[in-house]
Amino acid sequence: MLQEGAHGKWTVSSSDESAEENSDSEKPCTSSVSDAACGRTSGPQYPCSEARKAAHKRKASPLKLTDKSLSTETSPAVKQRPSQEGSGWCLSSSDEEPEDEQKHAHKETVKEEEYDVPKEHPLNLCKDDKLSKTLKEEVYNETPSEAQDIWDLVNGGNPFRFFLTKVSGIEQSYNSGALHIKDILSPLFGTLISSAQFNYCIDVGWLVRQYPQEFRKKPLLIVHGEKRESKAELMAQARPYENISFCQAKLDIAFGTHHTKMMLLLYEEGLRVVIHTSNLIAEDWHQKTQGIWLSPLYPRLPKGASGSAGESITNFKSDLISYLTAYSSPALKEWINLIQEHDLSETRVYLLGSTPGRYQGSDKEKWGHLRLRKLLKEHALSIPAHESWPLVGQFSSIGSMGADGSKWLCSEFQESLVAAGSNVTTFRKCDVPIHLVYPTVNNVRQSLEGYPAGGSLPYSVQTAQKQLWLHSYFHKWSAEVTGRTHAIPHIKTYMRLSPDFQKIAWFLVTSANLSKAAWGALEKNGSQLMIRSYELGVLFLPSAFGLDRGYFHVGRKELPERKDSATYFPIPYDLPPEQYGSKDQPWIWNIPYTDAPDTHGNMWVPS
């Protein structure tokens with residue numbers, strides 16, 4: 001079947017058309033631990049998506065442009081050149097394995113292109129699987145001055161407590177003010193008693209090694225959504241560690257995932273909450289753009305304090321307890337009690353979660369996009385002519401949006417994102433400009449990781465071909481402002497900006513991608529909201545930071561230190577976003593890219 005649109009066309013075999021795309025295409029799959037031995041093509045040793053499995057395969061068996069390993073009778077340049085002109089993508093047959101493809105080898109050599117991107121060595125999956133001398137055991141040692149800088153950073157100069165992760169291979173000045181997971185778990189931040197890690201994709205051995213030696217045997221609760229074989233594999237990973245226990249999140253609605261990424265860290269000195277966007281695997285903390293909100297250190301309340309004590313102006317404490325209560329898990333009851341015992345009053349962000357279920361009445365506004373709508377109506381100021389203020393959504397995966405914008409994106413979802421103040425205003429369909437930021441094929445090709453970076457962008461051709469209308473909203477990834485243009489984003493952010501892109505009405509960092517599974521979709525004539533997945537993010541509103549003008553200014557790296565730094569929000573990518581050109585295509589993980597090499601000189605053939 002041929003599908004054509006403004007940003008390409010695909011030839012899709014009939015066997016691919018029935019693929020389910022209700023979720024974010026991040027359905028877990030498992031790989032056998034026994035297959036991890038050297039010399040065998042294997043996926044990672046932890047449950048992850050099909051797209052990430054393909055990325056691991058290509059790291060293990062990279063396809064150079066000089067390789068005789070493609071299922072085509074013409075050279076890659078000839079085969080894929082039309083795609084660079086915006087006219088064609090082909091999906092290879094899912095039945096054709098690389099071994100078969102070698103029979104149709106091409107002999108032409110294509111000259112490697114030069115890029116300004118630092119050419120980091122490709123990861124060696126064999127060593128990676130052995131957890132030995134590569135990224136899995138990446139040496140991460142801080143000098144005393146770096147440790148002091150991190151301490152100052154977390155306790156002083158960042159009023160929003162919003163951070164990016166450190167990126168290997170970029171200019172070091174751009175990592176100033178960024179955090180690695182080892183920084184977050186450092187003894188500098190507190191003397192750990194116990195911790196809970198909520199996440200989607202988890203490499204247990206790697207995670208344990210991110211804790212300082214002295215904390216590695218402290219109780220650790222892992223909250224996950226794995227079932228059956230994936231769950232068994234996760235348990236097997238944890239067998240060597242007696243201090244690890246598990247909480248399995250209920251996922252009763254098909255295609256839902258436990259996508260939340262949060263740490264609860266209990267110290268002798270208090271409690272800290274970390275809400276972020278990274279999976280607990282080495283790749284997510286290496287060369288990707290990721291976001292972190294790090295709470296203040298919450299002190300213990302005096303004994304005998306009332307149940308409502310320690311609440312913030314944003315209701316963060318009771319909202320966090322509500323979110324944890326939604327798991328209905330005895331394992332989380334201890335953490336709920338601990339949160340009750342601490343003073344969270346210094347929190348300045350609003351919690352925005354999704355939990356699986358079908359919600360009616362007042363429960364409809366507890367989760368997902370209707371929760372965002374409620375928060376904006378109650379706490380965002382209505383700005384004159386704000387119908388012209390555009391929306392920006394930036395994400396790493398895309399679910400099924402329906403046949404056109406009226407089905408969800410430009411109807412219920414947009415209505416939630418444009419809410420402001422108590423005035424109920426309904427705009428005509430897509431009156432408010434929507435800018436969707438999602439990496440192009442060239443963004444991925446020219447990235448630090450090269451094509452395998454696309455393993456964390458699981459937009460499938462089966463979904464894309466049904467919503468070509470969506471691609472007209474797409475804008476390129478560019479982050480010169482933070483030195484991260486070549487660090488592929490796994491962060492997810494949403495915001496409302498002034499037409500000149502200098503003011504921000506609100507900013508959200510979250511685990512939620514652009515999907516109905518994550519944000520929820522109305523059912524039964526709007527009387528019910530159905531959500532498939534667990535998600536979590538934090539919303540920054542000017543009013544919670546003492547600003548009465550109704551907006552933050554867009555922060556710029558070149559701005560000097562200022563006393564009014566709380567008015568300048570550090571957006572992690574370039575504004576305004578640049579719309580796709582006629583030759584740009586959104587990255588789609590499950591089709592080949594053989595026209596031009598990535599930064600490691602390789603091609604992408606996922607099958």
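1. K261 lies in the loop between β10 and β11, and in this predicted model the residue is buried, with a relative accessible area of 0%. Residues up to four places away in sequence aside, K261 touches F198, N199, Y200, V274, I275, H276, T277, S278, N279 and H490. The side chain of K261 also comes to 2.8 Å from the backbone oxygen of H259, a residue placed in the loop between β10 (244-248) and β11 (262-267).

2. The second lysine to consider is K492, which is found in strand β21 and which, at 1% relative accessibility, counts as buried. With neighbours within four places in sequence left aside, K492 is in contact with H259, T277, Q394, F395, S396, L508, V509, T510, S511, A512 and N513. The backbone oxygen of H490 is reached by the side chain of K492 at 2.6 Å.

3. What annotation does UniProt give to K261 and K492? In an unreviewed entry, UniProt covers these two residues with the annotation "binding site". They span 232 residues in sequence, but no two of their C-alpha atoms are more than 11.8 Å apart, so they gather at one spot.

4. UniProt, again in an unreviewed entry, lists H259 and H490 for "active site". These two are spread over 232 residues of sequence and nevertheless cluster in space, the largest C-alpha distance being 12.5 Å. Is H259 buried or exposed, given its relative accessibility of 1%? Since the threshold for buried is under 20% relative accessible area, H259 counts as buried at 1%, and H490 likewise counts as buried, at 0%.

5. H490 is placed in the loop between β20 (488-489) and β21 (492-497). Not counting residues up to four places away in sequence, H490 touches R52, K261, T277, N279, D284, K288, T289, Q290, S396 and S456. With one of these residues, Q290, the side chain of H490 forms a polar contact of 3.2 Å. The annotated positions are also linked to one another, in that H490 touches K261 and K492 is in contact with H259; T277 is listed among the contacts of H490, of K261 and of K492.

6. A separate point concerns strand β15 (residues 350-354), which is mostly covered, with 5 of its 5 residues buried. Both of its faces are covered, since Y350, L352 and S354 on one side and L351 and G353 on the other are all buried. Which strand is joined to β15 by 5 bridges? The partner is β25 (residues 535-540), and the two run antiparallel; within β25, G537 is the bridge partner of L352.

7. On the cysteines, the structure holds 0 disulfides. C201 is in no disulfide, and the nearest cysteine sulfur, that of C48, is 5.0 Å away, whereas a disulfide would need the two sulfur atoms within 2.5 Å. Both residues are buried by relative accessibility, C201 at 0% and C48 at 2%.

8. To draw the annotated residues together, each of the four carries a relative accessibility below the limit for buried: H259 at 1%, H490 at 0%, K261 at 0% and K492 at 1%. Two lysine side chains reach backbone oxygens of the annotated histidines, K261 that of H259 at 2.8 Å and K492 that of H490 at 2.6 Å.

Key. Residues are numbered from 1 along each chain as its sequence is written. This is a predicted model: local features need pLDDT of at least 70, side-chain atom pairs count only at pLDDT 80 or more; totals for chains, interfaces and linings use all residues. Side-chain values use heavy atoms; hydrogens and water are left out. UniProt positions are given in the numbering used here, feature names are shortened, and annotations may be inferred rather than shown by experiment. Helices (H or I, at least four residues) and strands (E, at least two) are DSSP runs, numbered from the N terminus. Buried means under 20% relative accessible area, exposed over 50%, partly exposed in between (1.4 Å probe, protein chains only). Contact means heavy atoms within 4.5 Å. A polar contact is a pair of N or O atoms within 3.5 Å; within protein, one must be able to donate a hydrogen and the other to accept it, and residues adjacent in sequence count only if both atoms are side-chain atoms. Two strands pair if DSSP finds at least two bridges between them.
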